Amino acid sequence: MDRLLRLLHCLLLVVIPLAAALKFDLHAVAPHDAAKYERCIRNFVQKDQLVVVTANLDGYRGDGQKVDMHIRDAMGNDYHRPKDVAGENRYAFTSHADSAFDVCFENVLTAGTKMASTRHVELDIDIGADAKDWSAIQAGEKLKPVEGELRRIEEIINEVVTEMDYLRTREQKLRDTNESTNERVKWFAFGTMGMLVGLGVWQVVYLRAYFRSKHLI
């Protein structure tokens, strides 16, 4: 069993890239420039997947900076919009659609603060099986550590299979769209050539009739 577990771990290391927290500095700006300097991190999620966003910010409330977060997707769904965040913050939501979602930050200087300030942000986004609390699941279902680990690996592999099926479906749709576009372009080209040939014949007939009427030919 341990050997099988090690083999599955090696497979996951090859197939799935290791996730690490994203670290960056968020500079404070004047309130009227907040939207202009908004910092957003984008990721893609499938419908009905669990997403856990963990943001760890240094500083504290009332230190002259106010950091607001906004978690939204490209379909117009707002999941969380916390204000004046500091310290460790954890937000969970279930996606409403297959779409990209953004985790955005705004750092605004509060009244009376003029000096340049920054907040250091550590952002970690877990999606699907990675977002679940496997310790709680193992304790709730009374699973052995190996069983809990195999259960987690099984869900991750199922997500990989689902993602591959989704990509294959997208590829088929794109191929169908490409073939349909090529067919339309072909018939448009034939129609254009036919119209130009017809116009050329009409011009020859018209000019011949005109010259005859003028007794030039």
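## Basis and overall architecture

A residue is called buried when its relative accessible area is under 20%, exposed when that area is over 50%, and partly exposed in between. Both F24 and F105 are buried in this sense. The structure described here is a predicted model.

The secondary structure of the protein chain consists of 3 helices and 8 strands. Read from the N terminus, the order of elements is α-β-β-β-β-β-β-β-β-α-α. Of the 217 residues in the protein chain, 29% are buried.

## Aromatic pairs

Across the whole structure, the search returns 7 aromatic pairs. One of these pairs is formed by F24 and F105, whose rings have their centres 5.8 Å apart and their planes at 70 degrees. The pair is classed as edge-to-face, because planes over 60 degrees apart fall in that category. F24 belongs to strand 1 (residues 22-27) and F105 to strand 7 (residues 99-109), so the contact ties together parts that are 81 residues apart in sequence. As stated at the outset, F24 and F105 are both buried.

A further group of rings involves Y79, F93 and F101, which ring pairs link into a cluster.

## The disulfide

The model contains 1 disulfide. The bond joins C40 to C104, with an S to S distance of 2.1 Å. The angle about the S-S bond is 110 degrees, and the link between C40 and C104 is right-handed. C40 lies in strand 2 (residues 39-45), whereas C104 lies in strand 7; the pair therefore ties together parts that are 64 residues apart in sequence. A disulfide is a covalent bond between the sulfur atoms of two cysteines.

The two cysteines fall into separate accessibility classes. C40 has a relative accessible area of 31% and is partly exposed, while C104, at 1% relative accessibility, counts as buried. Strand 7 thus appears in two of the links described so far, since it holds F105 of the edge-to-face pair and C104 of the disulfide.

## Salt bridges

Side chains of opposite charge can pair when their charged atoms come close. In this model the count comes to 9 salt bridges. Among them is the bridge between K66 and D68, in which the closest N and O atoms are 2.9 Å apart. K66 is partly exposed, at 30% relative accessibility, whereas D68 is buried, with a relative accessible area of 9%.

Helix 3 (residues 145-213) contains R168 and D165, whose side chains meet in a salt bridge with an N to O distance of 2.6 Å. R168 and D165 are 3 residues apart in this helix, so about one helical turn separates them. R168 is partly exposed, with a relative accessible area of 45%, and D165 is also partly exposed, with a value of 33%.

Helix 3 also contains R175 and E171, which form a salt bridge with the closest N and O atoms 3.0 Å apart. Being 4 residues apart in helix 3, R175 and E171 are likewise separated by about one helical turn. R175 counts as partly exposed at 38% relative accessibility, and E171 is partly exposed with a relative accessible area of 39%.

## A polar contact in strand 4

H70 is located in strand 4 (residues 65-73). With a relative accessibility of 8%, H70 counts as buried. The side chain of H70 is joined to that of D78 by a polar contact of 2.9 Å.

## Nonpolar surface patch

L199, W202, Y206, L207, Y210, F211 and L216 make up a nonpolar surface patch of about 740 Å². One of these residues, F211, is found in helix 3. F211 is partly exposed, with a relative accessible area of 32%; this value satisfies the patch criterion, because the residues that make up patches must have over 30% relative accessible area. Helix 3 therefore carries both F211 of the nonpolar patch and, as noted above, the salt bridge partners R168 and D165 together with R175 and E171.

Methods
Residues are numbered from 1 along each chain as its sequence is written. This is a predicted model: local features need pLDDT of at least 70, side-chain atom pairs count only at pLDDT 80 or more; totals for chains, interfaces and linings use all residues. Side-chain values use heavy atoms; hydrogens and water are left out. Rings of Phe, Tyr and Trp (its six-membered ring) pair if their centres lie within 6.5 Å; planes under 30 degrees apart count as stacked, over 60 as edge-to-face and the rest as tilted. Buried means under 20% relative accessible area, exposed over 50%, partly exposed in between (1.4 Å probe, protein chains only). A disulfide is a pair of cysteine sulfur atoms within 2.5 Å. A salt bridge is a side-chain nitrogen of Lys or Arg within 4 Å of a carboxyl oxygen of Asp or Glu. Patches are made of residues with over 30% relative accessible area and no salt bridge: like charges are joined within 9 Å, nonpolar side chains (Val, Leu, Ile, Met, Phe, Trp, Tyr) within 5 Å. Accessible areas come from the Shrake-Rupley method with a 1.4 Å probe; for residues, only the protein chains shown count as cover. A polar contact is a pair of N or O atoms within 3.5 Å; within protein, one must be able to donate a hydrogen and the other to accept it, and residues adjacent in sequence count only if both atoms are side-chain atoms.
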